[in-house]
Amino acid sequence: MLDLFTIFTKGGIVLWCFRSTNQLFAPSVNALIKSVILQERSGVYDHDGLSLQYKLDNEFELVFVVAFQKILQLSYIDKFLSDVHLEFRDRYKNDLRVDNRNYGSDFEFGAEFKRILERAEKWGRQQATMPKQMRSYEDSAKSKKTVASMIERKGEEKPPGGGASKKSVKIAEKKKQADSDGGAVDAPSSPRTNGPELGEDLIMESRKKFAEKMMGKGGSGKGSKLEKQKSPKSPQQQKSGKQMRVWDLGGNTKDLPNLDRSKDRPEDVKSDFTPNDQIIGSMRGGIQDLAVESDSEEDEEDEEDEDDEEYEEQRSKKQQSSRGGMFSMFKGLVGSKNLTREDMQPALDKLRDHLIGKNVASDIAQKLCDSVAGKLEGKVIGTFDTIATTVKNTLTEALVQILSPKRRVDILRDCLEAKRVGRPFVMSFCGVNGVGKSTNLAKICFWLIENNLSVLIAACDTFRAGAVEQLRTHMRHLNALHPAEKHGGRSMVQLYEKGYGKDAAGIAMEAIRYANDSKIDVVLIDTAGRMQDNEPLMRALAKLIKVNEPDLVLFVGEALVGNEAVDQLVKFNQALADYSSSDRPHIIDGIVLTKFDTIDDKVGAAISMTYITGQPIVFVGTGQTYTDLKALNAKAVVHALMK
């Protein structure tokens, strides 16, 4: 059932390989190395119908890779990988040591591999036939609750009013039955005679109050007091009602033609916006890197010392019991300690909680810690290196590598190349509601016209009221900053709009055709905000991207979100792939991270978004002016994340 199992070194030397078919597996294994192993990710990786899993041996620097068909659900893969890993390293540990490494010898591992595979398949069949065992009480969440918490919870959920009385009545009835069975004769008599009489008195008193209320009597009785409590207002005030307020400049139906701003009028063409000459020319060339505020190095060193001391206190008892004698002292000075998962677990738990506190999604934080543990397990640490410092440095390197783009994203170069060919460069913006798509589109538009590129904005948000007017206002402001007189009579920013309620894909297609005919350099497509669970709107977005084939699809997301970022990106990518009829659908190419100035040092959303998509963060919005657009600095973000 396995298609491939290969064992190779981290340097790329294949030691042993098993293949059950003649399929070419090199592209899949290379993709696994590039996208998963080098990126220090974990889990199952799918490529061209194959599912691939791997396991690292850091002591001997080996990689174990297994590949099988994606449609198969093999429950024994994890156990099988661990068994093969242990068997291979124990059998050939003398040939794999660093001081006596011999890769020229033949590794005859076929018989052992078949034996381990048969045993794992048998174990998998047994697990499939075994009935699902019920969870024991010790494994449940209830067993972990304290008595105090259970008492408080009961007090909170206690029903108001009659709950206690009903229970007491039932208990009293049970006592009565017990007394009657025991032979007591005079005990039940009193409650049976008093109960109905009390009930009739209450009924008669309620009827009397109701009659007095209906007939308008009882001005000084109890009924009037109750009536005053229920209705403090007089009947005259209730009848009068609230009078409608008349505003000074409220207007009426006759003023509707003057208030309609959906079409430009001659007096509206002239913008009242006064351009700020200081920002003109400030964004020529590439975008400046993001500068994240951080504490001083002394504070950071103090935190590291506290972490080391806290970790050493947790492991002091184990070290005192294991060390002893003269030779153990020399052993502690030499870096011969192989890291295990138990040694790293306290530091990993603390780092995971730290990442979640910095707004990293909980699943992503757990995967990052698992990948760090897999990378360090079996590794020999240095003489003066503590485990907490080693784990933290490894996680920092992994985070920098995740945020570093795997491919170069140079939008100016791509725009100039498209201009040389004679076509417009098309960018599409998508995202959920209220994240700042239109605002950041205007910032990017300002950056482009600063670099002497003409821009056409396609108003494809035909749903939100005021969306077209917002883009029209931005167009006037940008043209005021860069008037046509300074660019040889060429209008640098134009707006293509067809009003509301139209098909967004058709408007985008017409805008691209208009830009091509008018020799406009860049087309920016503004789409309507939509939630990731709204299937009709996600189908419309997939249609827009499929029909118009933009050069760049940018997802606009907030830096404020935590776990929601994972759900948004996964479902947007999935919708673009599922609702497209193409074999190679165009999914998200990059990310625009907005509202970065509102999160202080909680920059975890950048890690979550980049980890999920594998795509770079192209722009970072840091304010509400046209110049508040930065490029992501991976080291600065990781430094703020880990401080």
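## Helices, sheets and burial

Modeller: Helix α19 (residues 467-481) lies across β7, β8 and β9 (522-527), and runs at about 165 degrees to β8. The model is a predicted one, in which local features need pLDDT of at least 70 and side-chain atom pairs count only at pLDDT 80 or more, while totals for chains, interfaces and linings use all residues. Residues are numbered from 1 along each chain as its sequence is written, and side-chain values use heavy atoms, with hydrogens and water left out.

Biologist: What is meant by the angle of about 165 degrees between α19 and β8?

Modeller: Axes are lines fitted to C-alpha atoms, for helices over the stretch in contact (heavy atoms within 4.5 Å). Angles between N-to-C directions run from 0 to 180 degrees, and α19 stands at about 165 degrees to β8 on that scale. Helix α20 (residues 504-518) also packs on the sheet, where it touches β6 (425-430), β7, β8 and β9, and its direction makes about 165 degrees with that of β7.

Biologist: What makes β7 and β8 a pair?

Modeller: Two strands pair if DSSP finds at least two bridges between them; β7 (residues 455-460) and β8 are joined by four and run parallel, so the condition is met. One point of this pairing is A458, whose bridge partner in β8 is Y496.

Biologist: How do you know which strands lie at the edges of the sheet that contains β8?

Modeller: The sheet is open, has eight strands and mixed pairing, and follows the order β8-β7-β9-β6-β10-β11-β12-β13. Its edge strands, β8 (493-496) and β13 (629-630), each pair on one side only. Strands and helices are themselves DSSP runs, numbered from the N terminus: E over at least two residues for a strand, H or I over at least four for a helix.

Biologist: Why does L471 count as buried?

Modeller: Buried means under 20% relative accessible area, exposed over 50%, and partly exposed in between, with a 1.4 Å probe and protein chains only. L471 has 2% relative accessibility, so it falls under the 20% limit and counts as buried. L471 is found in helix α19 and, leaving aside residues up to four places away in sequence, touches S438, L441, I457, A459, L495 and D526. Its C-alpha atom is separated by 9.8 Å from that of Y496, 25 residues apart along the chain.

Biologist: What makes β9 a mostly covered strand?

Modeller: Six of the six residues of β9 are buried. V522, L524 and D526 cover one side, V523, I525 and T527 the other, and all are buried. As for its partners, β9 pairs with β7 in the parallel sense over six bridges, with L456 opposite V523, while five bridges join β9 to β6, also in parallel, and F425 has V522 as its bridge partner.

Biologist: Why is helix α24 described as largely enclosed by the rest of the structure?

Modeller: Seven of the nine residues of α24 (residues 634-642) are buried, so the description follows. The buried residues are A634, A636, V637, V638, A640, L641 and M642, and they pack against α14 (341-357), α16 (387-403) and α23 (604-613).

Biologist: How do you know that the span of helix α15 agrees with its number of residues?

Modeller: The expected span of a helix is 1.5 Å times one less than its number of residues. For the 15 residues of α15 (residues 362-376) this gives 21 Å, and the end C-alpha atoms are 21 Å apart, so the two agree. Among the buried residues of α15 are I364, L368 and V372, and its buried residues pack against α14, α16, α22 (563-578) and α23. After α15 comes G378, whose phi is positive, near 85 degrees.

Biologist: What makes β2 and β3 edge strands in the sheet of five strands?

Modeller: That open sheet has the order β2-β1-β5-β4-β3 with antiparallel pairing, and β2 (14-19) and β3 (45-47) each pair on one side only. Its neighbouring strands are turned by 20 degrees against each other on average, direction ignored. Within it, β1 (residues 2-9) and β5 (residues 62-69) pair in the antiparallel sense over seven bridges, and F8 has V63 as its bridge partner in β5. Helix α2 (residues 77-91) packs on this sheet, touching β1, β2, β4 (50-57) and β5, with its direction at about 40 degrees to that of β4.
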